[in-house]
Amino acid sequence: MTDSEKLLAEMISKLELIKETDIPSIDLYMDQVTTFMDTHLKCRKRFDDDKILTKTMINNYAKNELLPSPEKKRYSKQHIIMLIFIYYFKNILSINDIKTILGPISDKYFKDSKTISLEEIYNAVCDSVKEHLSDIRKDIQRNIEESKSAFTETPEPDKEFLQLFSLIVSLSFDVYVKKQMIETIVDSLSAEQHAAAAPEKSKEKSKEKSKEKSAEKEKNKYAK
């Protein structure tokens with residue numbers, strides 16, 4: 001059966017994020033982008049034929065406004081950073097949720113920002129993740145130990161299977177709770193974004209109505 005400790009060690013060894021300094025500073029064409037992502041994230045594949053990133057995916061991300069459009073068919077370092085964020089988010093969140101999270105990042109920091117650059121944001125996030133890796137490992141190890149203490153009176157091979165089942169349930173519930181937390185935060189962020197956009201939409205509607213009235217007056221003037 002599965003050696004949980006061995007799997008945990010292998011998984012942790014693969015969790016290192018792409019370093020910001022490893023991302024090319026020169027603009028890349030589509031094929032170069034997919035090659036870069038596949039090279040640096042291939043260890044994340046569950047199956048050998050899994051695709052990390054395809055041309056269709058990138059085009060869909062741009063179409064759904066998750067990713068700014070390339071300039072002259074070339075993608076910048078900032079594009080790559082956004083694609084890395086999308087890669088991790090898409091495994092647990094919907095397209096709309098990702099758009100809610102990355103929309104402000106793209107609007108405020110994708111281009112030259114006077115406050116903080118996208119590279120600095122990426123580095124800060126990576127540093128935070130690195131600091132929590134040991135805690136994550138300890139937490140999973142605790143779940144493994146707790147699962148081993150379950151079903152101790154059950155004969156083999158049922159005992160080993162049920163202990164693995166117990167571990168899966170424990171890890172799944174942990175993921176479920178964290179996903180619920182993320183979605184709650186995203187919903188709050190989405191509500192704030194809609195509230196902030198409401199006055200602008202109201203102004204636009206007022207301008208449109210004003211134009212319509214002016215056009216109608218002009219029309220009636222010549223109709224007389």
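**Helix packing, a buried threonine and two cysteines**

Helix α4, spanning residues 77-89, packs against helix α5, residues 95-109, at an angle of about 165°, and their axes lie 11 Å apart. Because angles over 145 degrees count as roughly antiparallel, α4 is described as roughly antiparallel to α5. I should state at this point that the model before you is predicted.

Let me stay with this pair of helices. The crossing of α4 and α5 is right-handed. Which residues make the contact? From α4 they are Met82, Phe85, Ile86 and Phe89, and from α5 they are Ile98, Ile101, Leu102, Ile105 and Ser106. Sorted by class, the contact of α4 with α5 comprises eight nonpolar residues and one polar residue, with no charged residues.

I turn next to Thr34, which belongs to helix α2, residues 30-41. Is Thr34 buried or exposed? Its relative accessibility is 15%, and buried means under 20%, so Thr34 counts as buried. Leaving aside residues up to four places away in sequence, Thr34 touches Leu53, Thr54, Lys55 and Ile58.

Finally, the cysteines. How many disulfides does the structure hold? The number is zero. Two cysteines may be described by their accessibility. Cys126 has a relative accessible area of 7% and is therefore buried, the limit for that class being under 20%. Cys43, at 32%, is partly exposed, because this value falls between the 20% limit for buried and the 50% limit for exposed.

To close, I return to the helices: α4 and α5 are roughly antiparallel, and their crossing is right-handed.

Conventions. Residues numbered from 1 in each chain as written. Predicted model: local features only at pLDDT ≥ 70, side-chain atom pairs only at ≥ 80, totals over all residues. Heavy atoms only, no water. Disulfide = S-S within 2.5 Å. Buried < 20%, exposed > 50% of the residue type's maximum accessible area, 1.4 Å probe, protein only. Axes fitted to C-alpha atoms, helices over the stretch in contact; angles between N-to-C directions. Helix = DSSP H or I, 4+ residues; strand = E, 2+ residues; numbered from the N terminus. Parallel < 35°, antiparallel > 145°, perpendicular 65-115°, else oblique. Left-handed = near helix turned anticlockwise from the far one by under 90°. Contact = heavy atoms within 4.5 Å. Nonpolar A, V, L, I, M, F, W, Y, C, P; charged D, E, K, R; others polar.
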